[in-house]
Amino acid sequence: MSERADVDRVIIFDTTLRDGEQSPGASLNIEEKEQVAKKLARLNVDVIEAGFPISSQEDFDSVKLIAETIEGPIIAGLARAVPKDIERAGESLKSAPRRRIHTFIATSEIHMKYKLKRSREQVLQSAVDAVKLAKTFTDDVEFSPEDATRTEPDFLCEVVEAVIAAGATTVNIPDTVGYTMPSEFTRTIRMLKEKVPKIEQATISVHCHNDLGLAVANSLAAIQAGARQVECTINGIGERAGNAALEEIVMAINTRKDLMGVWHDIQTRHIYETSRLVSNLTDFAVQPNKAIVGRNAFAHEAGIHQHGIIQEKSTYEIMNAEDIGRTAGELVLGRHSGHHAFEKRVRELGYTLSAEDMQKALERFKAVANKKKEISDRDIESIIADEVYVVPETYHLDYMHVVAGGTTTPTATIGIRRVQNGSGDTLKQAHLGVGSVDAVYRAIDSICQVPHTLLDYNVKSVTGGTDALGEVTVRIQSDQDKVFIGRGASTDIIEASAKAYIQAINKLVYHTSAGS
Ligand code: KIV
Ligand code: ZN
C-alpha cells in the first residue's frame with residue numbers, strides 16, 4: 001500500500017461555524033466567524049461548513065463573506081431539502097471558487113412521523129428533488145439522511161442509492177442524537193458499502209454527536225469501515241453534548257497510523273491556536289483534562305511519571321506537544337521581559353497581530369507586569385482577548401471610583417468618554433448598588449443608555465495568587481435578541497467587570513443600530 005494513496009485520504013469537514021455555532025450560547029458575530037474561518041484555512045481543513053444561510057440574514061451574510069474571502073477549502077452551506085433553503089444557500093455561496101451545498105432531510109420513522117409528518121415516499125422524493133435542485137448551483141452536493149443511525153436500514157440504503165443517482169457526490173451518515181456505538185456504526189457503514197449499488201460514486205461521510213461521549217470513537221470506527229469524510233468541530237463544540245472533536249480525530253489518525261492506515265492534510269501545528277481562538281471567541285472553556293488541547297493534556301504531575309519523562313519522553317507521552325503547536329514548557333514573563341520576549345511569546349501562542357494591535361497588547365502587558373510578578377500564557381491570552389479582539393470603541397472607560405465595605409452602601413462614580421459620534425467629553429455618573437459591580441453597572445447604564453439585558457456575569461482568576469489577573473466575561477442581549485460577549489481583565493476585578501461590560505456594549509452598538 002502506498003502510504004498516501006488517494007483512496008486512503010480522509011476529508012476533514014469542519015462544521016464549527018455551523019453545528020458548533022448552534023451550541024446554546026456560542027453565537028459568533030460575522031467578524032468572529034471570519035477570524036475562525038481564516039484559522040481553519042490555515043489549519044488546512046478540506047471543507048468549511050460556514051453556516052445555514054436560510055436561518056437568518058446574519059448567517060447568510062457570514063456564509064457569503066467567507067465564500068468571498070477565504071481561499072483554499074471548499075465552502076459549504078447547509079440547506080433543508082426545500083427549494084427556498086437550497087436557493088438561498090446557492091446564492092450565498094456563489095462567489096466561492098469551490099462551493100458545496102449540503103442538503104438534508106430526516107429519514108428515521110420517529111422523525112418522519114412526529115417532526116415531518118410525511119411518508120417514506122414523500123421523504124424520498126424530497127431528498128431526490130433537493131439534490132437535483134442543488135446540482136443546478138454546484139456539482140459538489142452533499143446529502144444527509146438526518147437521524148441515519150435510527151433509520152430502518154433498508155430505507156437508509158434506498159435513500160442513499162436514490163440521492164447518488166440524483167447526483168450527490170457525498171453521502172453523509174449522521175448520528176444526529178449520538179445514539180450509535182462503534183461496533184454498530186462499523187456495521188452501518190459496511191452495510192452501505194455492500195448493499196448500495198454505485199456507492200463508490202460518492203464519498204461516504206460521517207457526522208457524530210457526542211451524547212454518549214462516543215463521537216470520536218464512532219467517527220474512527222466509521223473511517224476504519226470505509227468512510228472517507230469526517231465532520232467535526234474544534235474543541236468538539238456543537239448541539240447538546242457537541243460533535244466529534246477535530247483535534248482528537250486528526251491526532252488519533254496520526255498517532256495510530258498503524259491501525260488507521262489513512263491520512264489527512266491537516267497542518268497539526270495550528271491546532272492549539274485554533275482551539276484557543278474558538279474557546280476565546282465563544283467563551284466556551286476547554287476542560288483542563290480535554291484530550292489534545294486541555295491545559296493538562298501534556299502535564300505530568302505524578303513524580304514517577306516526571307521521572308520517566310526525564311529519562312525518556314515516550315515513557316508517558318504518545319504525542320509531541322510541539323506537533324499541535326503547544327510549546328513544551330510554559331514560559332513565564334515578567335516586568336523585566338522586553339518587547340522581543342513578549343512578541344515572541346505572542347507569536348508562539350499562535351496569534352498573528354497587526355503592528356498596531358501588538359503595540360496595544362505590549363502596553364497592556366507592561367501595565368499588568370508592573371502590578372503582577374509573573375505573566376503566564378493564560379494572562380497573555382486574557383490581555384489579547386481584552387485589548388485586541390474587539391470592535392472599535394464607542395464608549396471608553398476613563399475612570400472609576402468605588403466606595404464599598406462595612407455598612408457603606410456601595411457607590412460607584414464612573415467617567416466614560418463617547419469616542420465615536422460624540423463630543424469627546426467625559427460623561428460622569430454616580431450610582432448606588434446592592435454591591436460594587438451592581439453600582440458600577442448602573443452608573444455605566446445611565447451614561448450609555450443602550451437598551452439590553454444582562455444575561456450572564458462570570459468572574460474567574462486567570463492564574464493563582466492574590467495578584468492574579470481576574471477575567472470577567474459578560475453576555476448581554478440586545479432588544480433584537482442578539483447576544484454579545486464582553487471580556488475584561490485586570491488585577492482589580494471591579495475594573496475588569498467594568499471593562500467587560502463596556503466591551504459588550506461597544507459590540508452591541510457596533511453590530512446594531514442602537515446607540516447611533
Ligand atoms: O446532526 C445532524 O444530523 C446534522 C445534519 C444537518 C447533518 O447536523
Ligand atoms: Zn449535527
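This is a short walk through one predicted protein model, from its zinc site to a few single residues.

Okay, some ground rules before we start. Residues are numbered from 1 along each chain as its sequence is written, while chains are lettered from A and ligands numbered from 1 in the order in which they are written. Since the model is predicted, local features need pLDDT of at least 70, side-chain atom pairs count only at pLDDT 80 or more, and totals for chains, interfaces and linings use all residues; side-chain values use heavy atoms, with hydrogens and water left out.

Let's begin with the metal. Which protein residues hold the zinc ion, ligand 2? They are Asp19 through OD, His207 through NE2 and His209 through NE2, at 2.0 to 2.1 Å from the ion. By donors I mean N, O and S atoms within 2.8 Å of the metal (3.2 Å for Na, K and Ca), and water is not among the atoms, so sites may look incomplete. Along the chain, the spacing of these donors reads D-x187-H-x1-H. Aspartate 19 sits in the loop between β1 (11-14) and α1 (30-43), and histidine 209 in the loop between β7 (203-208) and α8 (215-225), so this pair ties together parts that are 190 residues apart in sequence. When I say α or β, those are DSSP runs numbered from the N terminus: helices are H or I with at least four residues, strands are E with at least two.

Are those two residues buried or exposed? Aspartate 19 is buried at 2% relative accessibility, and histidine 209 is buried too, at 4%. Buried means under 20% relative accessible area, exposed means over 50%, and partly exposed is in between, with a 1.4 Å probe and protein chains only.

Now, on to α8. Nine of its eleven residues are buried, so α8 is largely enclosed by the rest of the structure. Among the buried ones are Val216, Leu220 and Ile223. The cover over them includes β6 (170-175), α7, β7, β8 (229-232), α9 (246-255) and α10 (257-260). Just after α8, glycine 226 takes a positive phi of about 125°.

Let me pick out one neighbour, α7, which is residues 182-195. Two packed helices are described by the angle between their axes and the distance between the axes. For α7 and α8 the angle is about 35° and the axes are 8 Å apart. Here axes are lines fitted to C-alpha atoms, for helices over the stretch in contact, and angles run from 0 to 180 degrees between N-to-C directions. Residues making the contact include Phe185 and Ile189 of α7, and Ala217 and Ala221 of α8; contact means heavy atoms within 4.5 Å.

Next, α5, residues 120-135. At 1.5 Å a residue, its 16 residues should span 22 Å, and the end C-alpha atoms are 23 Å apart, which agrees; the expected span is 1.5 Å times one less than the number of residues. Buried residues of α5 include Val123, Leu124 and Val131, and the buried set packs against α3 (83-93), β4 (99-106), α4 (109-116), β5 (141-146) and α6 (153-166).

Last, two residues with positive phi that aren't glycine. Aspartate 147 has phi near 60°, lies in the loop between β5 and α6, and is buried at 0%. Lysine 198 has phi of about 60°, lies in the loop between α7 and β7, and is exposed at 51%.
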